[in-house]
Amino acid sequence: SFATVLAIKAAGLPLPAGLYAISPWANLTQTGPAYVAKADSDPMITKAGLDEFAAGYLNGQDAKAPLASPLFGDLSALPPVLIQVGGEEVLLSDAIGLAEKIALGGGDVALRVWPEMIHVWHFFSAQLAAGRAASDEAAAWIKARLA
């Protein structure tokens, strides 16, 4: 999502009304404190797994290229952004970094860290009230952008 909006912005095309991201992977260098701090509590994502995916995706290209790792791009002048991330996932650092960089660039960003949630907990909404609540929050946010 972030790479797409950076490409749209660079091309001078109209930006979307908003950008919603669940647990964004925005730094293909896999650096940030959550990669270590949440390694034991994230049952779905590992740094080693992401390193492998990144190597395949990058195919020798620079991991810090903004269209590969939007965290290293110009995140100013984006449409409003909602980021939801679980408090127990290794991608927490990416989400926090994105929100900080967007805010520093003067952007409208809402970062929601859901305590005790793992990667893409929305998928478990049939069993988790937090999954339903996060989905409802996102739906309301998206609806407000489209009004």
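A residue is called exposed when its relative accessible area is over 50% and buried when that area is under 20%. In the predicted model described here, A48, E52, F53 and G56 of helix 3 are exposed. On the other side of helix 3 from these residues, L50, A54 and L58 are buried. The buried residues of helix 3 fall within an arc of 60° when seen down the helix axis, so they line one face of the helix. Helix 2 is included in what covers them. Helix 3 comprises 12 residues, 47–58, and should span 16 Å at 1.5 Å a residue; the end C-alpha atoms are 16 Å apart, in agreement with that value. After helix 3 comes N59, with a positive phi near 50°.

The loop between helix 2 and helix 3 contains T46. With a relative accessibility of 44%, T46 is partly exposed. Its C-alpha atom is separated by 9.4 Å from that of L91, although the two residues are 45 residues apart along the chain.

An open sheet is formed by 3 strands in the order 1-2-3, with parallel pairing. Strand 1 and strand 3 (109–114) are the edge strands, each pairing on one side only. On average, neighbouring strands of the sheet are turned by 10° against each other, direction ignored. Strand 1 (residues 19–22) is joined to strand 2 (residues 81–86) by 4 bridges, and the two run parallel. Within this pair, V81 of strand 2 stands opposite L19, and L82 of strand 2 is the bridge partner of Y20. The side chains of strand 1 alternate: those of L19 and A21 point to one face and are buried, whereas those of Y20 and I22 point to the other face and are not buried. Helix 5 (residues 129–146) lies across strand 1, strand 2 and strand 3 and runs at about 170° to strand 2.

Two residues in the loop between strand 1 and helix 2 have a positive phi although neither is glycine. For S23, in the loop between strand 1 and helix 2 (34–37), phi is near 45°. For Q30, in the loop between strand 1 and helix 2, phi is near 50°. Both count as buried: the relative accessible area of S23 is 4%, and the relative accessibility of Q30 is 3%.

Helix 1 contributes F2, V5 and L6 as buried residues. Seen down the axis of helix 1, its buried residues fall within an arc of 105°, so they line one face of the helix. Their cover includes strand 1, strand 2 and helix 4. Helix 1 is followed by G12, which has a positive phi near 75°.

In soluble globular proteins, nonpolar side chains tend to be buried together. In this model the largest nonpolar core has 18 residues, of which F2, L75, L78, V81, I83, L98 and I102 touch the most other members. At least two residues of this core are supplied by each of helix 1 (2–10), strand 1, strand 2 and helix 4 (92–104). Helix 4 provides the largest share, 5 residues. With neighbours within four places in sequence left aside, L78 is in contact with F2, V5, L6, K9 and I102. Among these contacts of L78, F2, V5 and L6 are the buried residues of helix 1 named above. V81, which is one of the core residues that touch the most other members, is also the residue of strand 2 that stands opposite L19.

Definitions and conventions. Residues numbered from 1 in each chain as written. Predicted model: local features only at pLDDT ≥ 70, side-chain atom pairs only at ≥ 80, totals over all residues. Heavy atoms only, no water. Buried < 20%, exposed > 50% of the residue type's maximum accessible area, 1.4 Å probe, protein only. Pairing = 2+ DSSP bridges. Axes fitted to C-alpha atoms, helices over the stretch in contact; angles between N-to-C directions. Contact = heavy atoms within 4.5 Å. Expected span 1.5 Å × (residues − 1). Arc of directions from axis to C-beta. Core = buried A, V, L, I, M, F, W, Y, C linked by side-chain atoms within 4.5 Å.
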